[in-house]
Protein chains: 2
Amino acid sequence: MSTHGKHAVPKSWTREVQAACDRQGLQMTPLRHNVLAILAESPAPLGAYAIIEALSKREGKPIAPPTVYRTLEFFLEHGFLHKIESRNAYAPCEHLGHAHEGVLLLCEICGRSDEVEDPALGRALQSTAERAGFSTRRRMVELVGRCRECAPAAA
Amino acid sequence: MSTHGKHAVPKSWTREVQAACDRQGLQMTPLRHNVLAILAESPAPLGAYAIIEALSKREGKPIAPPTVYRTLEFFLEHGFLHKIESRNAYAPCEHLGHAHEGVLLLCEICGRSDEVEDPALGRALQSTAERAGFSTRRRMVELVGRCRECAPAAA
DNA sequence: GCGCAAGTGTTATGTTATAACGATACTCAA
DNA sequence: TTGAGTATCGTTATAACATAACACTTGCGC
C-alpha cells in the first residue's frame, strides 16, 4: 500500500477542531488531542487497534480498547471524524462546518480516503427517502475503487 | 424490535436466484439453498452468526463459521445478497437483474432494510467520481433512520 | 488411473467492539 | 463545606465478527 502523500488533512485541521470544541464548550483533553493528532498525521484512515497501538507508543504506556473507542465515539458524535463502515476505520472529517452531504472515495490501492461534497447527491437521496416515507438520521455513501494516482498504474 | 411484516422478500425470490444460478452455470447446493432460505424468511437482515445459528438448527448439526462465510461470499460475488456494512449484516438483493444503483434504507427501530433504486443517485455519484478522477468499482449507499411504519410511532 | 477444480468440514486464531465496574476530578447549589 | 451530580479515564473481561490453513470428498476431463 503506497501512500503517495503524507497527511490526509492539512496541519491546521487539529487546530480547527480545537477551535470548534472551544466554541461548543467541548473538552479537548490530552487523550483526545493525541487521538486527533494520530489520525491527522496518518495518510490513510486507521483502524481502532492501529490507533490503540500508536497511542500506546505516544503515551508510553498501554492503552486499552475502551479508552480509544470512547474517544472515537466522542469525535464521531460531534462530527469531527468519519467512521468508514466498509473498512472499520476512522478518518478526519475535512468539512467541519456543515452538514454531511459528503461522499467518501476509498482507494483500494493506496488506502487513502478522500471526502468530496455533492449537493446533487443530497437532493437525490432526500427525494428518494421521502418517496419511501423514510426519515433519515444518518447517511453513509462510500465508493470503493481507484484514485487518480492509482488508477493509471493499475490499468 | 418489532417487525410488522413477515419476510423481507417475496417467496419467489429463492426461485429467482435458483434460476439465475442455472442460467449462469452456478451450483445451488443444499447448503447454499438453506442459507438463502434463512435470509429470505427473515424480516430483517441477519448477522453471520445469526445465520450460523439458524443453519445449525436447520441442518441438525453445528455449522462452523467458515462454512457460512464462504456461502455468503459466493452470493455476494454474484450479486444475490447485500452486505450491510453499517450493521455487519446480510440481506437478499431484491433487484437481481441489473446494476446496483440502489440505496439501502435501514430502519433503526424495526431493523428492516428496504432497497430502492435511484437513477439520479447513480448519475450524481458517477459525475462526482469523474470530477475527482476516481474510478469506482463498488458503491455503498446506506441511509439509517425511520421507516414509514416506525417514524410516526417514535415521534 | 490421474490431475485438477469446486465444495465443504474442521481447528484454531485473528480482528473489531462493548459491558461493567472503579477511580478521580470538577462544578454547583444548599 | 459538603455532598450530589457529571464527565473523563482506567481496568478487566468478554462478546461479536471474520479468516487462515489444512483435510477430505466428489466429479470431470484426459
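# Close-ups of a two-chain model with DNA

**View 1. Two edges meet in the middle: strand 5 of chain A lines up with strand 5 of chain B.** Strand 5 (residues 135-146) of chain A pairs with strand 5 of chain B in the antiparallel sense, over 11 bridges. To find your bearings, look for A:Ser135, which sits opposite B:Arg146 in strand 5 of chain B. Keep in mind that everything here comes from a predicted model.

**View 2. Now for the wider contact between chain A and chain B.** Chain B puts 32 residues into the contact, and chain A puts in 32 residues. On the side of chain B that touches chain A, strand 3 (102-107), strand 4 (113-117), helix 5 (119-131) and strand 5 (135-146) each supply at least two residues. Which of these elements gives the most to that side of chain B? Strand 5 of chain B does, with 12 residues. Sorted by class, the side of chain B that touches chain A has 16 nonpolar, six polar and 10 charged residues.

**View 3. Here's how the two copies relate.** Turn chain B by 180°, shift it 0.1 Å along the axis, and you can lay it on chain A with an RMSD of 0.1 Å. That's the relation of a two-fold axis. If you want to spot the axis from chain B, go to B:Val141: its C-alpha is the nearest one in that chain, 2.3 Å from the axis. Both copies use the same surface, too, as 100% of the contact residues of chain B recur in chain A.

**View 4. Over to the protein surface near DNA strand C.** A set of 18 residues surrounds DNA strand C, and the closest are B:Thr29, B:Leu31, B:Ala64, B:Pro66 and B:Thr67. Both chains join in: helix 3 (48-59) and helix 4 (65-77) of chain A, plus helix 2 (30-41) and helix 4 (65-77) of chain B, each supply at least two residues of this surface. The top contributor near DNA strand C is helix 4 of chain B, with five residues. As for the mix, the surface near DNA strand C has 10 nonpolar, six polar and two charged residues.

**View 5. Last stop: a hairpin in chain B.** Strand 1 (residues 81-84) and strand 2 (residues 89-92) of chain B pair in the antiparallel sense over four bridges. One pair to pick out is B:Lys83 with its bridge partner B:Tyr90 in strand 2 of chain B. Four residues lie between the strands of this hairpin, and B:Asn88 takes a positive phi near 50°.

Conventions. Residues numbered from 1 in each chain as written. Chains lettered and ligands numbered in written order. Predicted model: local features only at pLDDT ≥ 70, side-chain atom pairs only at ≥ 80, totals over all residues. Near = placed C-beta within 6 Å. Nonpolar A, V, L, I, M, F, W, Y, C, P; charged D, E, K, R; others polar. Least-squares fit on C-alpha atoms with pLDDT ≥ 70 in both. Contact = placed C-beta atoms within 7 Å. Pairing = 2+ DSSP bridges.
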